[in-house]
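Visitor: I would like a close look at a single part of this model, namely its charged side chains and how they pair. Please take me through them in one connected account.

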Amino acid sequence: MPMAVGVIETLGFPAVLAAADAMVKSAAVTIVYYGQAESARLLVAVRGHVAEVRRAVEAGIEAGEQAHGGEVITHYIVPNPPENVVDILPIHFTEESEPFRMF
């Protein structure tokens, strides 16, 4: 099955925490990256099968917007990213994420 990567960028930590929590609880996805984009903008990236990532991103957007003071700034899903994108960008499975891999 094709793999995908989904990313949500939020304003503030509570929103990214709520988004990440909703993403892993709503679908069979694995968090592969969390980081600061700039100032108070944070992002979280998940990997999984395309349908699972779509479901996770939808749930993450809703949860991030509902967090007190939360704001989802942007989001994006890349179905079946090419190998060179996975190797270069921080969206690959790591030793930290591997134990939580859902597939």
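Guide: Four salt bridges are counted in this predicted model, and three of them are described here in turn.

In helix α1, D21 and K25 form a salt bridge with a nitrogen-to-oxygen distance of 3.0 Å. The two residues are four apart in the helix, so about one helical turn separates them. D21 is partly exposed at 34% relative accessibility, whereas K25 is exposed at 65%. Helix α1 itself covers residues 13–26. Its 14 residues reach 20 Å from the first C-alpha to the last, close to the 20 Å expected at 1.5 Å a residue. The buried residues of α1 are A15, V16, A19, A20, A22 and M23. Viewed down the axis of α1, these buried residues fall within an arc of 165 degrees and therefore line one face of the helix.

A second pair belongs to helix α2, residues 50–66. Here E52 bridges to R55, with the closest N and O atoms 2.6 Å apart. Because E52 and R55 are three residues apart in α2, the separation is again about one helical turn. E52 counts as buried, its relative accessibility being 18%, while R55 is partly exposed at 41%.

A further salt bridge joins E98 and R101, whose closest N and O atoms are 3.5 Å apart. E98 is partly exposed at 38% relative accessibility, and R101 is partly exposed with a relative accessible area of 34%.

Side chains of opposite charge can pair when their charged atoms come close. R47 offers a contrasting case: this arginine is buried but has no salt bridge. The nearest side chain of opposite charge, that of D87, is 8.2 Å away, and a salt bridge requires the nitrogen and the carboxyl oxygen to be within 4 Å. R47 is located in strand β3, residues 41–49. Its side chain contacts backbone oxygens instead: a polar atom of the R47 side chain lies 3.2 Å from the backbone oxygen of A4, and the side chain also reaches the backbone oxygen of I91 at 3.1 Å.

The loop that leads into β3 from β2 (30–38) contains S39. Although S39 is not a glycine, its phi is positive, at about 35 degrees. S39 is exposed, with 58% relative accessibility. N80, in the loop between β4 (71–79) and α3 (83–88), is likewise a residue other than glycine with a positive phi, near 50 degrees.

Definitions and conventions:
Residues are numbered from 1 along each chain as its sequence is written. This is a predicted model: local features need pLDDT of at least 70, side-chain atom pairs count only at pLDDT 80 or more; totals for chains, interfaces and linings use all residues. Side-chain values use heavy atoms; hydrogens and water are left out. Buried means under 20% relative accessible area, exposed over 50%, partly exposed in between (1.4 Å probe, protein chains only). Lys and Arg count as positive and Asp and Glu as negative; His and the chain ends are not counted. A polar contact is a pair of N or O atoms within 3.5 Å; within protein, one must be able to donate a hydrogen and the other to accept it, and residues adjacent in sequence count only if both atoms are side-chain atoms. The expected span of a helix is 1.5 Å times one less than its number of residues. The arc is that of the directions from the helix axis to the C-beta atoms.
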